[in-house]
Amino acid sequence: MIKDRREFLKTAATMAFAPMAFATNFDNLFSQININSLSELKTYLSEHINKVAQKMFVSGSVFGVYHKGEQILIANGKRNINTGEPMTTDTAWLLGSITKVLTTTLLLKYVEAGKIDLDAPVVKYLENFRLKEPGAAEKIIVKQLINHTNGIDAGTLMPTSEYGPNAVKSYVDALSEMGTLFSPGEFIHYSNPGYSLAGRLIEKFSGKPFNLALEEEIYKPIGMSRSSTSAEQAILDRTAVGAFVDSKGEFRSTNMFMLPVSAAAAGATPIVTVEDIIAFGRTHLNDGIAPNGKRILNRELISSMHTPTFDSRSPNVPPIGLGWWLIPIGGTTAWWHSGGSPGGYSNLTVLPEHDLVLASFNTGPGSAAMNEVISRIVLEDYLGLKLSVPFKTKKPTKPMSYYTGVYELFQSRYTIKEVEDGLIVNSKFLPFNEEQIRILSNFSGGNTEAPDIKLKLIQDNLFKVESLDEDYFASFTGRFGLMSFHSLGNATKPTHLQMRLRAAKKVS
């Protein structure tokens with residue numbers, strides 16, 4: 001059980017903006033209380049959210065809760081710091097990787113139509129799909145594109161050679177120079193390339209660019225009337241602009257509105273309102289029937305998205321269905337996904353046992369932490385759930401030297417060294433090309449390097465960042481900060497590490 005939300009708030013704020021010590025005093029902010037109705041929840045959040053936003057350096061927030069036929073929407077701060085316009089409940093915002101759940105839903109419509117077999121090799125449908133290793137692409141089946149088990153090592157690849165109707169195809173073409181981290185179906189590695197391939201499958205069978213297919217076959221039938229897929233559409237609407245802070249701690253707007261169109265199906269282009277994305281979540285709550293009564297997908301295929309397809313049985317990697325992460329939390333299972341955009345971060349949580357959908361979006365360095373604050377108030381204070389950390393501390397049986405070495409994945413190298421009472425992780429950014437450096441730098445607000453991190457052992461093969469209180473890891477994204485080590489195949493020592501849902505392969 002969470003001991004004290006003030007400690008969580010301090011940790012979350014420090015994680016959000018560690019270089020400057022703004023996480024100082026959270027006394028009297030969000031002390032746990034009982035909230036008995038959605039109207040009480042709206043009043044409570046409206047009264048307090050601005051104080052926490054200031055502490056966490058959040059420029060703007062918009063979020064909503066649907067519960068058992070009722071709904072509340074709340075907004076705070078600014079949607080655009082260049083113009084000073086306020087965030088409103090009808091502000092549109094970049095969805096980021098929550099798009100992956102929409103992409104999966106759309107792909108399964110073609111499975112329902114008999115045009116795609118989830119167990120068929122991807123190359124059956126995309127004959128030109130290749131990876132750098134001969135024969136590697138041929139082993140990947142369609143299902144592995146949408147449950148992050150395909151093993152393609154191209155996590156942050158963002159081709160920019162095409163911005164028109166061939167953009168998604170250009171992503172698939174660029175994969176011919178990419179390798180793999182493990183055999184398909186063997187492990188989990190968060191996969192933007194898998195979803196870009198899924199997007200290309202959708203293009204092939206719809207005969208439309210991915211963005212148009214999404215608008216016509218997901219947005220329109222669900223009634224997501226304010227949602228769009230391009231900067232050209234966004235500029236005509238009240239759309240949020242991401243925010244960072246400068247060296248003086250002052251907000252500045254992002255230099256890049258959205259990621260390249262080539263990664264559209266992975267999350268680069270979709271723009272939604274909180275009310276629209278709640279309607280999508282309600283469609284999943286209602287076995288594939290949208291709030292307007294239209295069936296989007298049959299019950300069997302919707303259910304397949306909420307059924308585990310792979311479980312690594314590690315506290316930092318929840319089971320994955322199709323598209324949705326299935327997170328055990330507070331004695332229930334959440335269908336969950338988050339999404340990053342330049343200077344912004346979003347969450348979508350569906351709690352089927354409680355008939356609840358929660359959607360939130362924030363801009364600024366504390367965006368992810370603010371999503372967690374909102375989530376915990378809804379889960380703990382409103383629903384009365386008891387959150388707990390997803391692990392137990394156990395006496396180790398292996399020496400620290402068991403884990404040391406160099407682990408790599410696309411654009412990152414982790415050097416793990418032993419210290420007296422734990423491990424030190426040195427992270428190194430490995431540039432792919434100049435264009436990729438520009439994109440990732442703008443996406444992160446100019447910082448592509450990370451300081452060394454000290455890890456403390458929790459149990460064999462599982463570590464936490466030493467400076468973080470254990471309660472922090474009871475939240476949705478907190479657990480992704482744990483680092484685990486895995487021995488795949490018949491290996492007797494670690495072959496991979498896993499952190500933030502990304503796998504890195506040991507190279508020395």
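How many of the eight residues of strand 12 (residues 344-351) are buried? Seven of the eight are buried, and strand 12 is thus mostly covered; buried denotes under 20% relative accessible area, exposed over 50%, and partly exposed the range in between, with a 1.4 Å probe and protein chains only. The model is predicted, so that local features require pLDDT of at least 70 and side-chain atom pairs count only at pLDDT 80 or more, while totals for chains, interfaces and linings use all residues. Residues are numbered from 1 along each chain as its sequence is written, and side-chain values use heavy atoms, with hydrogens and water left out.

Strand 12 belongs to an open sheet of seven strands, in the order 3-2-1-13-12-11-10, with antiparallel pairing. Strand 3 (85-86) and strand 10 (325-329) stand at the edges with a single partner strand each, so one side of each lacks a neighbour in the sheet. Strands (E, at least two residues) and helices (H or I, at least four) are DSSP runs numbered from the N terminus, and two strands pair if DSSP finds at least two bridges between them. Strand 11 (residues 332-341) runs antiparallel to strand 12 and is joined to it by seven bridges; Ser341 has Gly344 of strand 12 as its bridge partner. Two residues lie between the strands in this hairpin, where Gly343 takes a positive phi near 80°. On the other side of the pairing, strand 12 and strand 13 (residues 356-363) are antiparallel and joined by eight bridges. Val350 is bridged to Val357 in strand 13, and Leu351 stands opposite Leu356. The hairpin of strand 12 and strand 13 has four residues between the strands, and Asp355 takes a positive phi near 50° there.

The hairpin residue Gly343 and the bridge partners Ser341 and Gly344 are also among the residues that line the largest cavity, together with Leu94, Ala240, Val241, Gly242, Phe257, Pro342 and Phe361. A cavity is a set of points, on a 1 Å grid over the protein atoms alone, where a 1.4 Å probe fits but cannot get out, and lining residues have an atom within 4 Å of a point. One cavity of 30 Å³ or more is found in the whole structure, and the largest has a volume of about 40 Å³. Its lining comprises six nonpolar, four polar and no charged residues.

Two helices are largely enclosed. Helix 5 has 15 residues and reaches 21 Å from its first C-alpha to its last, close to the 21 Å expected at 1.5 Å a residue, the expected span being 1.5 Å times one less than the number of residues. Twelve of the 15 residues of helix 5 are buried, so the rest of the structure largely encloses this helix. The buried residues, including Tyr195, Leu197 and Ile202, pack against helix 3, strand 5, helix 4 and helix 6.

Helix 6 (residues 210-222) has 13 residues and reaches 17 Å, close to the expected 18 Å. Ten of its 13 residues are buried, so helix 6 is likewise largely enclosed by the rest of the structure. Among the buried residues of helix 6 are Phe210, Glu215 and Tyr219. Gly223, with a positive phi near 95°, follows helix 6.

Thr149 lies in the loop between helix 3 and strand 5 (152-153). Thr149 is buried, with a relative accessible area of 2%. Beyond its neighbours within four places in sequence, Thr149 is in contact with residues including Phe182, Phe187, Ile188 and Phe310, contact being heavy atoms within 4.5 Å.

Definitions and conventions
On a 1 Å grid over the protein atoms alone, a cavity is a set of points where a 1.4 Å probe fits but cannot get out, and a pocket is an open set with protein on both sides within 12 Å along at least five of seven lines; lining residues have an atom within 4 Å of a point. Grid points are joined across faces, edges and corners, and a volume is the space filled by probe spheres set on the points. Ala, Val, Leu, Ile, Met, Phe, Trp, Tyr, Cys and Pro count as nonpolar, Asp, Glu, Lys and Arg as charged, and the others, Gly among them, as polar.
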